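The following report describes selected local features of one protein model. The sequence and structure are shown first.

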Amino acid sequence: MQPKLTAKALCANKEVGKISKVIVDPLSHEISHIIVQELNGHGAQRQIPIGQVQEVVSEEEIVLRCSSEEFGQFPVLERDQYVTIKEVEIAHLEDHLHVEPGEILVPLPRLEQGVPRRTFFTNMTHAIGALIALPLVFPVLKYLMKPMFKPYDNAWFSVGNVKKVNKENIGFQFKFTRGFKEAFMPEQQIEKNIWVVKATPAVQKAVYQGNDMKFYDNKGDVIWVNKSNSPYIGYSGKCPHLGCGYKWRKTKNFPDGVFLCPCHLSIYDEAGKVIDGPAPRPLDVLPLQVDAGGEVKIIDVEYKAGVNNQIRLL
């Protein structure tokens, strides 16, 4: 039995507050903490480890192991350290919890948190599965994908005016629509986006390392060069981890903002560098130019997600 998010919390038969939120571990999908708001409607929201729950009497009432005095010593919720499940995409999380609708929190990852062991076993499982399946699926894939082997589309797309990017080192999103054709399917229009940063010299150096960035076509010829001193840097709107869309978000540790992917909580700074999470490489920089009228134009280069190196797909 799991309590509702409005259940009473008691200490030694004395009500101390009501459950207002729960915190869930994004890997195990288990509740790690409950948040109890003190009886006063404006009281503090205390973060209680799930191990301190002695008994779930009913959906409407729980009993804590602590006394009412000890209850007041539990830490106050630091809301900036969490995102809601409306901001992250964790499959079937609500189904697993069976709680009433309300605010379910997932912790932002700690900076520099490593995941080498989990990554190793995940990659090993994928590799074994691929080796087993390859002889069976290769002939089919070769037939289906044959029409897709064609030169990259190196056309320029106008996405908006640079006047909208008026603050330095802040991510600004531009949306655009382009035609796309899959094998044996009619062309369709898809909505895409990029992020543009008006970069300071320090950010320019972090991205380009003092060297111009060249982009190539399928024959290996240079199609465009981003100058290392260009003030505007464009990033693909897809996270390099699994291709999800990300956003610019301010947090307690980063009051000016960072790029945050809601799918698996990869975090990038304004230079696209990975500062936390499972992303295997920095954000992908796009060919970008700004004309005399301030129009931002990009080549919609797209790279394979989930790998360390950039492998161009589009």
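## Local features of the predicted model

Lys21 lies in strand 2 (residues 14-24); strands are DSSP runs of E with at least two residues, helices are runs of H or I with at least four residues, and both are numbered from the N terminus. This is a predicted model, in which local features need pLDDT of at least 70 and side-chain atom pairs count only at pLDDT 80 or more, whereas totals for chains, interfaces and linings use all residues. Residues are numbered from 1 along each chain as its sequence is written, and side-chain values use heavy atoms, with hydrogens and water left out.

**Lys21.** With a relative accessible area of 10%, Lys21 is buried; buried means under 20%, exposed over 50% and partly exposed in between, with a 1.4 Å probe and protein chains only. Its side chain forms a polar contact of 2.8 Å with that of Gln45. Such a contact is a pair of N or O atoms within 3.5 Å; within protein, one must be able to donate a hydrogen and the other to accept it, and residues adjacent in sequence count only if both atoms are side-chain atoms. Leaving aside residues up to four places away in sequence, Lys21 touches Leu5, Ile34, Ile35, Gln45, Leu77, Glu103 and Leu105 (contact: heavy atoms within 4.5 Å).

**Helix 4.** Val203, Gln204, Val207 and Tyr208 are the buried residues of helix 4. They lie on the same side of the helix because they cover an arc of only 115° around the axis, the arc being that of the directions from the helix axis to the C-beta atoms. On the other side, Pro201, Ala202 and Lys205 are exposed. The buried residues pack against strand 12, strand 13 (222-226) and strand 14 (232-236). Helix 4 is followed by Gln209, whose phi is positive.

**Positive phi.** Most residues other than glycine have a negative phi. The table lists two non-glycine residues with a positive value.

| Residue | Phi | Loop between | Relative accessible area |
|---|---|---|---|
| Gln209 | about 55° | helix 4 (201-208) and strand 12 (213-216) | 58%, exposed |
| Leu265 | about 65° | strand 16 (258-260) and strand 17 (267-268) | 8%, buried |

**Sheet 15-16-17-18.** An open sheet of four strands has this order, with antiparallel pairing; two strands pair if DSSP finds at least two bridges between them. Strand 15 (247-249) and strand 18 (274-276) are the edge strands, each pairing on one side only. Strands 16 and 17 run antiparallel and are joined by two bridges. Phe259 stands opposite Tyr268 in strand 17.
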